[in-house]
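Biologist: I'd like to talk through the rings and cysteines in this one. Can we start with what counts as what?

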Amino acid sequence: MAYTEEELKKELETQEYEYGFYTDIESDTFPKGLNEDIVRAISKKKNEPEWMTDWRLDAFRIWEKMEEPEWANVNYEKPDFQAISYYSAPKKADPNKSLDDVDPDLLEMYRKLGISVDEQKKLQNVAVDIVVDSVSVATTFKETLAEKGIIFMPISEAIQEHPELVKKYMGTIVPKTDNFYAALNSAVFTDGSFCYIPKGVKCPMELSTYFRINEGGTGQFERTLVIADEESYVSYLEGCTAPSRDENQLHAAVVELIALDDAEIKYSTVQNWYPGNSEGKGGVYNFVTKRGLCEKNAKISWTQVETGSAVTWKYPSCILKGDNSIGEFYSIAVTNNYQQADTGTKMVHLGKNTRSTIISKGISAGKSQNSYRGLVQINSRAENARNFSQCDSLLMGNECGAHTFPYIEAKNKTAQIEHEATTSKIGEDQIFYCNQRGIDTEKAIALIVNGFSKEVLNKLPMEFAVEAQKLLEISLEGSVG
Amino acid sequence: MLKINNLHAQVEDKEILKGINLEVKAGEVHAIMGPNGAGKSTLASVIAGKEEFEVTKGDVVLDGENLEEDSPEERAHKGVFLSFQYPVEIPGVSVTNFVKTAINESRKARGEEDMPAKDMLKLIREKSDLLEIDRKFLSRSLNEGFSGGEKKRNEIFQMAMLEPKLAILDETDSGLDIDALRIVANGVNKLKSKDNAVIVITHYQRLLDYIVPDYVHVLHNGKIVKSGTKELALELEEKGYDWLKNETIES
């Protein structure tokens, strides 16, 4: 019997989210709601110094006066911020213990996630920090890294052990006042990763953080701070999953990158938060602020593969402050069923001879809406700034949407800005051609989409590229029409 | 090998094939000729299983098996290959990657393991030499920016790699200059064996100078109106299709 599109559609709709399991681990969860006492309690739970508590409280007061933004091309029921628990920790987690002491249930969960926290990773040269709900539960290779003077640890530990660095940089790239979610994160962030690469050091392995929301009714607010000192280099990866739940869970992260003179940071994300079911019920609200600062001759490269979340609102950006600095943004955003994504980047050119590249690949299927929103800003003193942007959209079926909102502000006449955009559809002719060569429809779609996304997939570290390709196959297959 | 019995097919209520009978044995080359709109490409698509066409009567039988229920990919796994008149572009997917996927999907359908990379490489080398294909060409995106000749040569390369039982060449000569035509035809001739069969669909006699058919059939208005040997093709070239059209009306 011929495999029809209808059947494919059905199969995909009923296909379950692979990471939708929930691990029953006893956890320590705060009552729902948000007020100054909760903020104080989080800070106390983390044994934070007073300056940190005050910083949080200041952020909370700012947040209280702010309005949730409405300008993104997404529609969703606004989260009730009083119905969320702002702290949840697996009870048995203790970041100071070795892996042998880790709860076997937790280890089982890592196994299901496909993360090996053991020596296997060493072969692959990946050091991992894993954040479940609100706390960081295992950081591998701390010692190996320490030999080079590299600091890689949960941010809660960094606040204790390296307060001078945290104090100096946190909130400098994404200030508390930046936006609604950044302010919220600044008040209630519970964990995340901290990374410092000393002057002249090339980090010998990929640093990786795996985020997981496990507990129901909680939000995840992690904060990541990466500092690459002069002439250093680091490649950083993050991955995210969450259990399938009927409710919408909130994830509001802040990531700040600082690349000092001649430094380079490569930051890759594979985001696969639970997208909700085929009727659009449940799923994670992913409202994230990511930004990096480049000093002289520095380079920051963002690569993201976004396949999950019910609603995504995310614009990893570069402030090209130093002369000759470089910003890059490579993105694949996939939406299926009722997912909505409004994502892109901001490239702010301040220094002379600054360059930026934007490659965005949006893939929409089902009844989803996928928007690219980007800003290229050339300031008056940015002589000879250059930007190249390419935004490609691929549509599957007749019920989804692809939108492009490019903003360009050039205040210097020497600027060179190029923007290219294409929109295409997977055609029945392409599918039939593949079928005729013995490739079934599902595989054909995966092949076509992988081809479409190749320029971005190529930018991912090898190990992640394979995972990302698999993810694309699982999540992006949609209807063809 | 292939038996087509009283095949009727339509698209959106318009009948295009109106009772085709054709038998192709292993080792044979058949040419199907006919004017535009006769139903030549439709016949090729129906044999390959394109769902746009509805078979209303009759059947297509390959090696004694009725293909009616088979999807296009299942037919491909059974050894049906169609060289497209207008091959599609798939940006970002290299010729090599595409062919590799196709071969391994067919193997998977037969319950075999993926072809080892070493063997695949060897096969690619062998077949690209056979068709005088520059290997740089194989890393380009499938059909993207290919010239007419490159597209057709790529089709024959895929055919060489997949080693089908039944190859249908749909207007493979269109858009080819004389040198490309010779290379493509040489390729097809070298791939011919006593175990496979080729159906050449063409508008002109030109290709048949290079790929010599055992039988020639003339398709007109959804039916085979005349069959003969290669001399029939020459006669058609000389007299045009009107001669046959008139003859059909008279009969």
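Modeller: Sure, with buried: a residue gets that label under 20% relative accessible area. Keep in mind that this is a predicted model.

Biologist: Then take A:Tyr236 and A:Tyr267: are they buried or exposed?

Modeller: The cut-off for buried is under 20% relative accessible area. A:Tyr236 falls in that class, and A:Tyr267 does too, so the label is buried.

Biologist: What kind of aromatic pair do A:Tyr236 and A:Tyr267 form?

Modeller: Their ring centres sit 4.9 Å from each other, with 15° between the planes. Planes under 30 degrees apart count as stacked. That makes the pair of A:Tyr236 and A:Tyr267 stacked.

Biologist: And how many residues apart are A:Tyr236 and A:Tyr267?

Modeller: This pair links distant parts of the chain. A:Tyr236 belongs to strand β9 (residues 233–241) of chain A, while A:Tyr267 belongs to strand β12 (residues 264–271) of chain A. The separation is 31 residues.

Biologist: How many aromatic pairs does the structure hold over all chains, and what kind do A:Phe180 and A:Tyr181 form?

Modeller: The total over all chains is 21 aromatic pairs. For A:Phe180 and A:Tyr181, the centres are 5.1 Å apart and the planes make 90°. Planes over 60 degrees apart count as edge-to-face, and that is the class of this pair: edge-to-face.

Biologist: Which residues form one aromatic cluster with A:Phe180 and A:Tyr181?

Modeller: Both A:Phe180 and A:Tyr181 are buried. Their partners in the cluster are A:Phe60, A:Trp63, A:Trp71, A:Tyr76, A:Phe81, A:Tyr285, A:Phe287, A:Trp313 and A:Tyr315.

Biologist: Which residue lies over the face of A:Tyr76?

Modeller: A charge needs to be within 6 Å of the ring centre. The one over A:Tyr76 is at 4.6 Å, and it belongs to A:Lys78.

Biologist: Where is the kink in helix α11 of chain A centred?

Modeller: Helix α11 covers residues 441–457. Since 13 of its 17 residues are buried, the helix is largely enclosed by the rest of the structure. The kink is about 40°, centred on A:Gly451.

Biologist: Why is there no bond between A:Cys318 and A:Cys294, and how many disulfides are there over all chains?

Modeller: A disulfide needs the two sulfurs within 2.5 Å. A:Cys318 is buried, at 0% relative accessible area, but its closest cysteine sulfur, in A:Cys294, is 5.5 Å away, which is too far for a bond. For A:Cys434 the closest one is in A:Cys400 at 19 Å, again too far. The count over all chains is zero.

Note on methods
Residues are numbered from 1 along each chain as its sequence is written. Chains are lettered from A and ligands numbered from 1 in the order in which they are written. This is a predicted model: local features need pLDDT of at least 70, side-chain atom pairs count only at pLDDT 80 or more; totals for chains, interfaces and linings use all residues. Side-chain values use heavy atoms; hydrogens and water are left out. Rings of Phe, Tyr and Trp (its six-membered ring) pair if their centres lie within 6.5 Å; planes under 30 degrees apart count as stacked, over 60 as edge-to-face and the rest as tilted. Buried means under 20% relative accessible area, exposed over 50%, partly exposed in between (1.4 Å probe, protein chains only). Helices (H or I, at least four residues) and strands (E, at least two) are DSSP runs, numbered from the N terminus. A charge sits over a ring if NZ of Lys or CZ of Arg is within 6 Å of the ring centre and within 35 degrees of the ring normal. The bend at a residue is the angle between axes fitted to the seven residues ending there and the seven starting there.
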